Amino acid sequence: VRAAGEGLAVGLDVGGTKIAAGLVGADGSVLLRERLSTPDDTEALFELLVDAALRLSQGQVDIPVGVGAAGLVSHDGVIRYAPNISWVDEPLQQRLAERLGVAVTIDNDASAAAWGEFRVGAGSAVRSMAMLTLGTGVGGGLVIDERLVRGASGFGSEFGHIIVDEGGPACPCGNHGCLEPLASGTAIGRIARERLAGGQVPAGSALHRLDAVTGKAVTVAAHAGDAAAREVLATAGFWLGVGIASLCNAVDPELVVIGGGAIQAGELVLEPARRAFVERLIGAAQRRPTKIVRASLSDDAGLVGAALLSLDGPAPAGAA
Ligand SMILES: [Zn+2]
């Protein structure tokens, strides 16, 4: 007999500005979906997450909750630090579990997105894959031999902080030349603004007529055929490929999945990324070709992955 709510979970993908929430089936289908704004106050955020989980559970008992949070999440379900939310040592797993009376799992948001793509998205046919999410920053997630890799502290797979250009631009993490300030959506805007300020953009380019030179606006101009905007995306794509080469030389996944808002650039970033990647991959002629593809779950990857992680069961404490 199938119990009420069996095979269903609530997924909460908590970012610095918005929250994607949903009721998800065991097959990864999203049965209900909500988009919410992230409040500045962390207690207001906690109450908002509680309310969303209760609404989405629709009064059914024992619906587990999976959370993907934009921050460093340790194995004990504590968010140690979040770059865009003022959480410090926030025991969110314990607090939500006590308040809701259900099982709660918490992972980093990009790790949750990687699990979503691995289970029911672009990576569903492979055993090992890496994911990078290109947005305000660059997130990472890694699945090796069908297991999500969290590392010793739970802080693993932060591929946005692979250093690809030691003399490069400052990263919010304090280092210089990380992938994040070179290949994120934010980076696309910055590269374009620097080229405009440096007189490197031809007078006829649409970049001169943008109200705000953001990654999104540059991408729209590139899709409309603007050559200077396409060069900006190719530059970000080049650095992405350099970073992916280091990642693949280190861990050798079968597939690299690229998601996040900035992947709206599509092939305009992926094609130069593949070129830079293959030139730097060791043993490229000897190994099976590692594919670099676009994510398939779009904005749902994080909430679907978080929900499925709560159904698939948490990893044993301290396990990879
Ligand atoms: Zn960094």
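Buried means under 20% relative accessible area, exposed means over 50%, and partly exposed lies in between. Phe238, at 30% relative accessibility, is therefore partly exposed. All views show a predicted model.

**View 1. A tilted aromatic pair in helix H3.** The structure holds two aromatic pairs. In one of them, Trp115 and Phe118 sit 5.2 Å apart, centre to centre. Their planes meet at 40°, and the pair is tilted. Tilted is the class here because the angle is neither under 30 degrees, as for stacked rings, nor over 60, as for edge-to-face rings. Both residues belong to helix H3 (residues 109-120). They are three residues apart, which means a separation of about one helical turn. Trp115 is buried, with 8% relative accessible area. Phe118 is buried as well, at 8% relative accessibility.

**View 2. An edge-to-face pair, Phe238 and Trp239.** The ring centres of Phe238 and Trp239 are 5.1 Å apart. An angle of 75° between the planes makes this pair edge-to-face. Phe238 is partly exposed at 30% relative accessibility. Trp239, at 17%, counts as buried.

**View 3. A charge over a ring.** Arg95 lies over the face of Phe46. The distance to the ring centre is 4.0 Å.

**View 4. The zinc site.** Four residues coordinate the zinc ion: His161 through ND1, and Cys171, Cys173 and Cys178 through SG. The distances run from 2.0 to 2.4 Å. Angles among the four donor atoms span 104 to 121°, and the site is tetrahedral. That class follows because all angles fall between 85 and 135 degrees. In sequence, the donor spacing reads H-x9-C-x1-C-x4-C. His161 and Cys173 are 12 residues apart, both in the loop between strand S11 (147-148) and helix H4 (180-183). His161 is partly exposed, at 27% relative accessibility. Cys173 is also partly exposed, at 40%. Cys171, by contrast, is buried at 6%.

**View 5. Cysteines without disulfides.** A disulfide is a covalent bond between the sulfur atoms of two cysteines. The model has zero disulfides by the 2.5 Å sulfur-to-sulfur cut-off. Cys248 is in no disulfide. Its nearest cysteine sulfur belongs to Cys178, 18 Å away. With 2.5 Å as the limit, that distance shows why Cys248 is unpaired. Cys248 is buried, at 0% relative accessibility.

**View 6. The largest nonpolar core.** This core has 45 residues. Those with the most contacts inside it are Leu132, Val218, Leu240, Ile244 and Ile258. Several elements each supply at least two residues of the core. The strands among them are S9 (129-134), S10 (138-144) and S12 (255-259). The helices are H4, H5 (185-197), H6 (215-223), H7 (227-251) and H8 (267-280). The largest share comes from H7, with 12 residues.

**View 7. Ala234 and Ala183.** Ala234 lies in helix H7. Ala234 is partly exposed, at 29% relative accessibility. Ala183 is 51 residues away from Ala234 in sequence. In space, the two are 9.8 Å apart, C-alpha to C-alpha.

Notes: Residues numbered from 1 in each chain as written. Predicted model: local features only at pLDDT ≥ 70, side-chain atom pairs only at ≥ 80, totals over all residues. Heavy atoms only, no water. Phe/Tyr/Trp six-rings, centres within 6.5 Å; stacked < 30°, edge-to-face > 60°. Helix = DSSP H or I, 4+ residues; strand = E, 2+ residues; numbered from the N terminus. Buried < 20%, exposed > 50% of the residue type's maximum accessible area, 1.4 Å probe, protein only. Lys NZ or Arg CZ within 6 Å of the ring centre and 35° of its normal. Donors = N, O, S within 2.8 Å, 3.2 Å for Na, K, Ca; no water. Tetrahedral: all angles 85-135°; square planar, octahedral: opposite > 155°, others 65-115°. Core = buried A, V, L, I, M, F, W, Y, C linked by side-chain atoms within 4.5 Å.
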